[in-house]
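Biologist: I'd like a close look at a single part of this model. Please pick one piece and take me through it step by step.

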Amino acid sequence: MAESDEFTGGEMKTKFEMMVTAAVVLALSTFLGASLGPLRAQTPDKPTSGFERLKTLVGEWQGTDESGKPVMSTFRVVSNGTALEETFQSENDNQMVTMYTPDGSRVALTHYCSKGNQPKMETPAETATTDEFAFGFTGAANLASPEDAHLHRLVLQIVDAEHFTETWTIHEKGRDTKKTFHFTRKK
Amino acid sequence: MKGYFAAVVIALLVGPVAGRTQAPAKATDGFDRLKILVGDWEATGEDGKPFTSNIRLVSNNTALQETFQTPHDDQMITMYSADGSRVALTHYCSMGNQPRMESPVVNGATDEFVFSFTGGSNLPTPDSAHMHRLVLQIDDADHFSETWTFREKTGDNKRTFNFVRKK
């Protein structure tokens, strides 16, 4: 007890500084906890399904097409987390949207093509560890004939947290042409 | 020479019209008619709570994206697109299913778009709760309404939202 009464000025200052430091740390941790809490909730540590695995793509990406021209892509979670929206921007495609959703254990997509048709595709059953999503054509809207030019297949390959590729197959009059885009996460 | 002048006159007449193709003064079909809804909207729910809707053109203007925000629905998307002379929609429901609907043949003067269910994904049975019908009514440039029919085992329920353009 006597010790506390006999603190010198230096000791008093040290104790005061410690109290201030503790208060600052407490305030900061409370603030950061409140700030980061929702972020952590939106990015689960481990995906639990193929669709959840795809959600790791949420964010902004930059890439190039095969001729080296720049493209951009943004993934965001919409509809209370039940759908994933990709918005693709290139020299020729303005805000071209592809919507990804779970369909049971498969993943479905509808591609709102800038050509004006809307092909639908679906993967086989996928799991949380899937890295390659192969979407096969299941039908389309606004396609006068099955031989009219349309995107017919997508292989989406997650390379790592910072890289993924998309290989789109265009089908037209019995011929298939592939285009691959390599994306890197924007920093 | 006469042919040359005729070509120049035609080019002068047609050129400015061609330049306006992205923003037609008059809707040329049902899907174009819907494009007048592009913008930000607000409404009040039946419980008195405010919510908003944003409608924007995407995919080189070939689709319309509506984003609906309420206390319960975070960024709920509905996509509208032309399917021939009909208009199709897919509703990316915050419940996790994706009903598809289509209007009958519509034109540039249509004010009421009646979308009927044509199928859906992530819907275990046809009786699973889902949005089954939408009647979208354009009142004027600053007002429209949406009446959604929600179907579940116990029957159909309707909800109407009256939107006013945000100024």
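Modeller: Let's go for the barrel in chain A: 10 strands close up in the order β1-β2-β3-β4-β5-β6-β7-β8-β9-β10, with antiparallel pairing. From one strand to the next, the twist averages 25° (angles, 0 to 180 degrees, are between N-to-C directions of axes fitted to C-alpha atoms). Strands are DSSP runs of E, at least two residues, and helices are runs of H or I, at least four, numbered from the N terminus; a pair needs at least two DSSP bridges.

This is a predicted model, where local features need pLDDT of at least 70 and side-chain atom pairs 80 or more, while totals for chains, interfaces and linings use all residues. Residues count from 1 along each chain as written, with chains lettered from A and ligands numbered from 1 in written order.

Now zoom in on β5(A), residues 106–112. Of its 7 residues, 6 are buried, so this strand is mostly covered (buried: 20 or more other C-beta atoms, placed from the backbone, within 10 Å; exposed: 12 or fewer; partly exposed: in between).

On one side, β5(A) pairs with β4(A), residues 96–103, through 7 antiparallel bridges. Here you'll find Y100(A) facing L109(A). These two strands make a hairpin with 2 residues between them, and G104(A) there has a positive phi near 65°.

The other partner is β6(A), residues 118–122, joined antiparallel to β5(A) by 3 bridges. Look for A108(A), which sits opposite E122(A). This is a hairpin too, with 5 residues between the strands, and G116(A) in its turn takes a positive phi of about 105°.

Further round, β8(A) (residues 150–160) and β9(A) (residues 163–172) share 9 antiparallel bridges. D160(A) is across from H163(A) in that pairing.

And a quick peek at chain B, for context. Chain B has 2 helices and 10 strands, and both helices precede the strands when you read from the N terminus. Of the 167 residues in chain B, 31% are buried. Try finding N54(B), which lies in strand β2 of chain B, residues 50–58. N54(B) is partly exposed because it has 15 C-beta neighbours inside 10 Å. The C-alpha atom of N54(B) is 9.7 Å from that of R165(B), although 111 residues separate them along the chain.
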